[in-house]
Amino acid sequence: MSNWTVAGVQMDCALGALAANRSAVVANLRRAAARGAKLVVFPECVLSGYGFTSRAHALAAAEPLPGPSTDVVAKACAELGVWAVFGLLESAPDGKLYNSSALVGPQGFVAGYRKLHLPCLGADRFTDPGDRPLAVHDLGGLKIGMNICFDGSFPESARVLTLLGADLVVLPTNWATNARKMAELVSAARAWENHIYYLAVNRVGDESGFHYIGLSSAADYLGNVLHFAPEGEEAIFTIEVNPTAAAQKRVVTCVGEYEIDRVNWRRPEMYGPLVANPGAFTGHFNK
């Protein structure tokens, strides 16, 4: 199975400016494709911005999935022969509002993901908790799973995607100043413990009192950091992903003497507390 060139686009966006943000996404998609990328990943809420002050404010910048933006990006993907993951606020037919990411490709809209874990911060104060099971999508040789920002703080999210067959987990994110430790640690930790590739793509710029730090990162299936993007600057970077290596979970240093498998040697029968829910989370201020 051949390697995939995957790009991260660390960029700024403008609060509520869907048309301008969409144009910037397509322009950067073209730049990444020109560098050989087959999959291009953008930040969380890159179409909408994040620093909303009310549910109504956030809803005004939301759109359905599929919708106008997935149509525009998919048209560019078809022309370029690439796939893209980008963040947006999703307005659902039942009136709910989600912090979502969209996966589109040459054939159009593939899937949406709704953020499961919501911090009391920015737009997430007003969005509804994700209501769909975690899923892995095969792009034709590369299997990817999507998380968003705070999801990366919960190792269960990446582990479930690993068990579903992901070679790569992508994390569109909006890390501001106080999330520096997350930016420094999450890609290598999640990649190493699951023997997968992990790509976290952050934004930059200032918005509604937040300063976004950049520091997007990628790590390989051994936990080696492949790239750290610069702090506070827009950047496009690429990594090489080897799906065959990610799928081979057992690491053999010396046959029969030093072998490790952090995925298949789990003891699920001992993990009962992981699925004991102390109380259902229904959101912060979205009522």
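**Exercise 1. In which loop does Arg132 lie, and what surrounds it there?**

Solution. The structure is a predicted model, and the first step is to place the residue along the chain: Arg132 lies in the loop that runs between strand E5 (108-114) and strand E6 (136-138). The second step is to look at its exposure, and here Arg132 turns out to be partly exposed, with a relative accessible area of 41%. The third step is to list its contacts, leaving aside residues up to four places away in sequence, and these are Gly112, Arg114 and Leu116. As a last step, take Lys115, which is 17 residues from Arg132 along the chain, and note that the C-alpha atoms of the two are separated by 9.2 Å.

**Exercise 2. Describe the protein as a whole, beginning with its helices and strands.**

Solution. Begin with the count of elements, which gives six helices and 16 strands. Next compare the radius of gyration, 18 Å, with the 19 Å that the globule rule gives for 287 residues; the two values are close, so the protein is as compact as a globular protein of that length. Along the principal axes, the C-alpha atoms fill a box of roughly 60 × 50 × 35 Å. Then turn to burial and contacts: buried residues make up 53% of the 287 residues, and among contacts between residues at least 6 apart in sequence, 70% join residues at least 24 apart. Finally, consider the surface and the charges: the accessible surface comes to about 12,200 Å², of which 56% belongs to carbon and sulfur atoms, while the 24 positive and 27 negative side chains form two sets whose centres lie 2 Å apart.

**Exercise 3. How many aromatic pairs are there, and what is the geometry of the pair formed by Tyr197 and Tyr221?**

Solution. The count comes to five aromatic pairs. For Tyr197 and Tyr221, the ring centres are 5.6 Å apart and the planes stand at 65 degrees to each other, which makes the pair edge-to-face, since planes over 60 degrees apart count as such. Tyr197 lies in strand E9 (residues 197-201) and Tyr221 in the loop between strand E12 (217-219) and strand E13 (225-228), so the pair ties together parts that are 24 residues apart in sequence. The two residues can then be set side by side: Tyr197 is buried, with a relative accessible area of 4%, whereas Tyr221 is partly exposed, with 22%. One aromatic cluster is made up of Tyr50, Phe210 and Tyr212.

**Exercise 4. Which residues of helix H4 are buried, and what covers them?**

Solution. In helix H4 (residues 155-163), the residues Ser157, Ala158, Arg159, Leu161 and Thr162 are buried. Their cover includes the strands E6, E7 (143-146), E8 (168-172) and E9, together with helix H5 (180-194). Following the chain past H4 leads to Gly165, whose phi is positive, near 105 degrees.

**Exercise 5. Is Asn28 buried or exposed, and which residues does it touch?**

Solution. Asn28 has its place in helix H1 (residues 18-34). Its relative accessibility is 11%, and because buried means under 20%, Asn28 counts as buried. Not counting residues up to four places away in sequence, Asn28 touches Val9, Met11, Phe42 and Ile236.

Terms used: Residues numbered from 1 in each chain as written. Predicted model: local features only at pLDDT ≥ 70, side-chain atom pairs only at ≥ 80, totals over all residues. Heavy atoms only, no water. Helix = DSSP H or I, 4+ residues; strand = E, 2+ residues; numbered from the N terminus. Rg over C-alpha atoms; globule rule 2.2 N^0.38 Å. Buried < 20%, exposed > 50% of the residue type's maximum accessible area, 1.4 Å probe, protein only. Contact = heavy atoms within 4.5 Å. Areas by Shrake-Rupley, 256 points an atom, 1.4 Å probe, with all protein chains shown as cover. Lys, Arg positive; Asp, Glu negative; His and termini not counted. Charge placed at Lys NZ, Arg CZ, Asp CG, Glu CD. Phe/Tyr/Trp six-rings, centres within 6.5 Å; stacked < 30°, edge-to-face > 60°.
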